[in-house]
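Morning, everyone. I have one structure to walk through today. Please look at the sequence and the model before I start.

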Amino acid sequence: MTRTDLPLRERKKLRNRRLLVDTAIELFGEHGFDEVTVEDLVGRVELSPRTFFRLFDSKEDVVLEPVQRLWGTFTATIGSCELRGPLVATLERVLVGAIESMDDDWAGQFLAGRRIAERTPALAARELRFCADTTVAIGALLAGRTGLDATDLRLRLALEVMLAVWHTANQDWAVAAGPADPEWLVGLVRDGFAALPEALGLTVG
């Protein structure tokens, strides 16, 4: 889906990014991540390597673009939305809103990219680095918005709880081979947050 409210230059940039993501996922899925070069990729879509590197830093970032897009939206919302009420509930609301705001092609790209990353060590490592950097950035934003220190244990635990729900939900989405539908993922995320009180109250023995 093209953003018609953007200037022509930005719409063209967005179209090229999405075209590269779709093509990269197709080629990497067919031939393997390591077997496809940037030259192969840009040749398929008739763009130049210079154009590629204006849009992406690396091959890894093309596959991870759907993940980065989601968390970019989440982070931007945390920086601007009203934060009121229980923090974990607020994080749930922002995460669900970010998923629901994604374009029509996002879910399919996300699932396909995740499956490629799972069998590609370089991609898995890049994704872990992105997750770590993004967690730090979100924590700093939350600290600034809440007036708490970024090292506050309560703040860090609330963020980690949200991330645990996220990881569990998208793992279940991929394993269950559910439809490439963001609402399916939203349902899994909501189920995860709803299960938190019972999970924390579990007893053994």
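I'll go through the cavity, then two helix contacts, then the salt bridges. Keep in mind that this is a predicted model.

Let's begin with empty space. Rolling a probe the size of a water molecule over the atoms shows where empty space is left. How many cavities of 30 Å³ or more does a search of the whole structure find? The search turns up one. The largest cavity holds about 40 Å³ of space.

Who lines the largest cavity? V63, L64, P66 and V67 do, along with Q109, F110, G113, R114, A117 and E127. Two elements give two or more residues each to that lining: α5, residues 65-80, and α7, residues 106-118. The largest share comes from α7, with five residues. By type, the lining has six nonpolar residues, two polar and two charged.

So much for the cavity; now the contact of α5 with α7. Their axes come within 8 Å. The crossing angle is roughly 125°. That makes α5 oblique to α7, because an angle between 115 and 145 degrees is neither roughly perpendicular nor roughly antiparallel. On the α5 side, look at E65, P66, V67, R69 and L70. They meet W106, Q109 and F110 of α7. The residues of this contact divide into five nonpolar, one polar and two charged. Note P66, V67, Q109 and F110 here: they are also among the residues lining the largest cavity.

Next, α5 and its other partner on my list, α1, residues 8-31. Which way do these two cross, oblique or parallel? The axes come within 11 Å and cross at roughly 135°. That makes α1 oblique to α5. From α1, the contact uses R17, R18 and V21. From α5, it uses E65, P66 and R69. What kinds of residues are these? Two are nonpolar, none is polar and four are charged. E65, P66 and R69 also take part in the contact with α7.

Last, charge pairs. Side chains of opposite charge can pair when their charged atoms come close. The count for this model is eleven salt bridges. Let me show you one of them. R44 forms a salt bridge with E26, and their closest N and O atoms are 3.8 Å apart. R44 sits in α2, residues 38-45, and E26 sits in α1, so the pair ties together parts 18 residues apart in sequence.

That's my tour. Over to you.

Note on methods: Residues numbered from 1 in each chain as written. Predicted model: local features only at pLDDT ≥ 70, side-chain atom pairs only at ≥ 80, totals over all residues. Heavy atoms only, no water. 1 Å grid on protein atoms, 1.4 Å probe; cavity = no way out; pocket = protein on both sides within 12 Å on 5 of 7 lines; lining within 4 Å. Points joined across faces, edges and corners; volume = space filled by probe spheres on them. Helix = DSSP H or I, 4+ residues; strand = E, 2+ residues; numbered from the N terminus. Nonpolar A, V, L, I, M, F, W, Y, C, P; charged D, E, K, R; others polar. Axes fitted to C-alpha atoms, helices over the stretch in contact; angles between N-to-C directions. Parallel < 35°, antiparallel > 145°, perpendicular 65-115°, else oblique. Contact = heavy atoms within 4.5 Å. Salt bridge = Lys/Arg side-chain N within 4 Å of Asp/Glu carboxyl O.
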